[in-house]
Number of protein chains: 2
Amino acid sequence: MHKTSGSRTVRIVLAASVALGGMLWSTVGSLSSATAGAPPGAPPSTIPGAIEYTPEGKQKRPPFWEFRKWIFVGTPVTPNDMNDGKANFPEFHNVYMDPESFAYYQKNGKYRDGTVIVKELVSVGTKEAASGEGYFQGEFIGLEVSVKDSKLFPKDPGNWGFFSYGHSYPLKDVSKPNKIDECNKCHETNAVDFVFSQYYPVLRAANPMSMKK
Amino acid sequence: MHKTSGSRTVRIVLAASVALGGMLWSTVGSLSSATAGAPPGAPPSTIPGAIEYTPEGKQKRPPFWEFRKWIFVGTPVTPNDMNDGKANFPEFHNVYMDPESFAYYQKNGKYRDGTVIVKELVSVGTKEAASGEGYFQGEFIGLEVSVKDSKLFPKDPGNWGFFSYGHSYPLKDVSKPNKIDECNKCHETNAVDFVFSQYYPVLRAANPMSMKK
C-alpha cells in the first residue's frame with residue numbers, strides 16, 4: 001500500500017522537472033503540447049482527449065465542449081433530499097470517458113494508461129414531468145476528473161489521480177491532485193478496478209468480461 | 001392540426017415509392033444507402049448517424065455502438081417505485097443526439113431536418129452505494145427513437161416521427177411509426193420545440209437562446 005506522503009513527493013518532483021525544461025513532455029502521455037501552455041518545441045500528444053497541466057503540476061479544467069462530446073458511460077443520481085439535504089456528490093453525475101481510451105476498454109476490458117474520466121455534476125431541476133414522478137436534470141453545478149497515468153501517479157493505487165473543480169459554480173480553473181484518502185481509497189475499495197462500472201451500463205455492455213476480474 | 005390518418009397515408013405512399021424503385025433515396029436525407037438494405041445504385045447518404053428503413057417503411061433499430069457514441073444530452077429517471085410500480089418510461093432515460101445535428105443545434109439553436117434523438121431505457125440497479133442514497137443504473141431494458149424529417153413526416157406536427165423498440169428485452173428489430181397521439185402530442189404540448197430540452201442541460205447550455213423561442 002502506497003502512502004500519501006510518498007505520492008505527493010513524486011508529484012512535486014514531477015512538477016519541478018516539467019518546470020525546468022519540459023524534458024518529461026515526450027514521455028508523459030497525458031500532457032498535450034498541441035495547446036496553450038505547452039513548452040516550445042514539445043512534441044504533440046498522440047492522445048486525443050488529453051488533459052493539460054500547469055508547470056506547477058496542477059491540472060487545467062478540461063473544456064466543457066470537449067468532454068461533453070466524449071463517450072457517456074452512465075448517470076447515477078444521489079439527490080440531496082435522499083441524503084439529509086447534503087449529498088456527497090450533488091446530485092446527478094454525468095460520467096464520460098475519452099473516446100480513444102473507451103475504444104481500448106471496449107477491445108481489452110481494462111483501462112489503458114492515459115484514461116480520462118470526467119464526472120459532471122448536475123442539480124435536480126424538478127421532480128415531476130409529463131413522463132411521471134422522478135428526478136430531472138437542472139443546472140450544471142460541479143466537475144471532477146480522474147486520470148490513470150503511471151508516470152504522473154506512479155505510487156497512487158492503480159495509478160489513478162483524482163481532481164475536483166468544485167461542487168458549485170464558479171468552478172476552479174485548475175486543480176491540484178486530491179489526497180489519496182479523499183478519493184482513491186473509496187474507489188479502490190468500492191469500485192471495479194477503480195471505476196464504478198457496476199453503475200455504468202455502457203461500460204459493462206462494452207466489455208462484459210471486464211466485470212469478472 | 002394534422003390528423004393521424006393523413007400522416008399514415010403519406011407514410012404508405014412513401015413506403016410504396018421506396019419499394020417501387022428507390023427513386024426517393026436521393027432526396028430522403030435520413031435514409032442511408034451505405035449499409036445493407038439500400039437499393040442497388042442508391043447514392044450514399046451524407047448524414048452520419050443516419051437511420052435506415054425497410055422497403056415497407058419500418059425503421060430499423062440503430063446499432064447500439066453507434067448511438068452510444070453520439071452526443072449525450074441528459075438523463076431523467078422516473079423510477080417504478082415513484083410511479084405506482086409502473087413508470088411510463090422505466091426507468092433511467094439516457095438520451096443522445098446524432099453528432100452532426102448536435103453541431104447544427106449548437107450553432108443555430110434549432111433542430112435541423114434529419115435530427116435523430118435516441119432514448120435508451122435503463123433499469124434501476126440499486127438505490128444505495130458508497131456515494132450515498134439514490135438511484136443507480138442497472139441494465140439496458142428499452143429503446144425509443146425520434147426523427148425530425150420533413151420528407152418522411154410531412155404532416156406530423158413539427159415533422160417529428162416517433163418509434164419504439166420496446167420497454168423490455170428482447171427489443172424489436174424494426175419499428176413502424178407510432179401514432180401521433182402516442183408520442184407526438186405529448187412532445188408538442190409539453191416539450192420545447194418537441195424536445196424535452198428543459199430536462200437536458202447539455203442542450204440548454206449548447207445554445208441558451210434556443211430555450212427562449
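This section walks through a predicted model of two chains, A and B, from the fold of chain A to the interface and some local details.

Chain A is a good place to start. Its secondary structure comes to five helices and seven strands, and from the N terminus on these elements follow the order α-β-α-β-β-α-β-β-β-β-α-α. The chain has 213 residues, and buried residues make up 54% of them. Among the contacts in chain A with a separation of 6 or more, 54% join residues that are 24 or more positions apart.

The largest nonpolar core has 86 residues, and the members that touch the most others are Y200(A), L203(A), Y200(B) and L203(B). For Y200(A), the partners can be listed once neighbours within four places in sequence are set aside: V73(A), G74(A), P76(A), V95(A) and V195(A) are in contact with this residue.

The next topic is the interface. The size of an interface is often given as the accessible area lost when the parts come together. By that yardstick, chain A and chain B bury about 3600 Å² between them, with 63% of the area on carbon and sulfur atoms. Three residues of chain A, namely W65(A), F72(A) and Y199(A), supply 16% of the area that chain A buries against chain B, more than any other three residues. Each partner is represented in the contact by a set of residues: 46 residues come from chain A and 46 residues from chain B.

Polar interactions also span the two chains. Across the interface, 14 residue pairs are in polar contact, with both residues at pLDDT 80 or more. On the side of chain A that touches chain B, the elements giving two or more residues are β2 (71-74), β3 (92-97), α3 (99-108), β4 (116-129), β5 (132-148), α4 (184-190) and α5 (201-206). The largest share, nine residues, comes from β5(A). Sorted by class, this side of chain A has 24 nonpolar, 15 polar and seven charged residues.

Salt bridges offer a second view of the polar interactions. How many are found over all chains, and how many across the interface? A search of the whole structure finds 14 salt bridges over all chains. The pair E139(B) and R204(A) crosses between chains, from strand β5 (residues 132-148) of chain B to helix α5 of chain A. Two salt bridges are found across the interface of chain A and chain B, and in the one between E139(B) and R204(A) the N to O distance is 3.0 Å. R204(A) has a relative accessible area of 12%, under the 20% cut-off, and therefore counts as buried.

Other salt bridges lie within chain B. The side chains of K60(B) and E52(B) meet at 3.5 Å, N to O. K60(B) is partly exposed at 24% relative accessibility, whereas E52(B), at 17%, is buried. In a further salt bridge, the closest N and O atoms of D81(B) and K127(B) are 2.8 Å apart. This pair links distant parts of the chain, with D81(B) in the loop between β2 and β3 of chain B and K127(B) in strand β4 (residues 116-129), 46 residues apart. Both residues are partly exposed: D81(B) has a relative accessible area of 46%, and K127(B) one of 34%.

A few backbone details deserve a look as well. Most residues other than glycine have a negative phi, and most peptide bonds are trans. In chain A, the peptide bond from P90(A) to E91(A) is cis, with omega near -15°, and E91(A) sits in the loop between β2 and β3. In chain B, the bond from P90(B) to E91(B) is cis, again with omega near -15°, and E91(B) belongs to the loop between β2 (71-74) and β3 (92-97).

Positive phi values appear at two residues that are not glycine. D193(A), with a phi of about 55°, is found in the loop between α4 and α5 of chain A and is partly exposed at 41% relative accessibility. F194(B) has a phi of about 75° and is placed in the loop between α4 (184-190) and α5 (201-206) of chain B. Is F194(B) buried or exposed? With a relative accessible area of 13%, F194(B) is buried.

Finally, K179(A) lies in the loop between β7 (174-175) and α4 of chain A. This residue is partly exposed, with a relative accessible area of 45%. The C-alpha atoms of K179(A) and F162(A) are separated by 8.0 Å, with their positions 17 residues apart along the chain counted as the separation.

Definitions and conventions: Residues are numbered from 1 along each chain as its sequence is written. Chains are lettered from A and ligands numbered from 1 in the order in which they are written. This is a predicted model: local features need pLDDT of at least 70, side-chain atom pairs count only at pLDDT 80 or more; totals for chains, interfaces and linings use all residues. Side-chain values use heavy atoms; hydrogens and water are left out. Contact means heavy atoms within 4.5 Å. Buried area is the accessible area (1.4 Å probe) that two parts lose on being put together, summed over both. A salt bridge is a side-chain nitrogen of Lys or Arg within 4 Å of a carboxyl oxygen of Asp or Glu. A polar contact is a pair of N or O atoms within 3.5 Å; within protein, one must be able to donate a hydrogen and the other to accept it, and residues adjacent in sequence count only if both atoms are side-chain atoms. Helices (H or I, at least four residues) and strands (E, at least two) are DSSP runs, numbered from the N terminus. Ala, Val, Leu, Ile, Met, Phe, Trp, Tyr, Cys and Pro count as nonpolar, Asp, Glu, Lys and Arg as charged, and the others, Gly among them, as polar. Buried means under 20% relative accessible area, exposed over 50%, partly exposed in between (1.4 Å probe, protein chains only). A nonpolar core is a set of buried Ala, Val, Leu, Ile, Met, Phe, Trp, Tyr and Cys residues joined through side-chain atoms within 4.5 Å.
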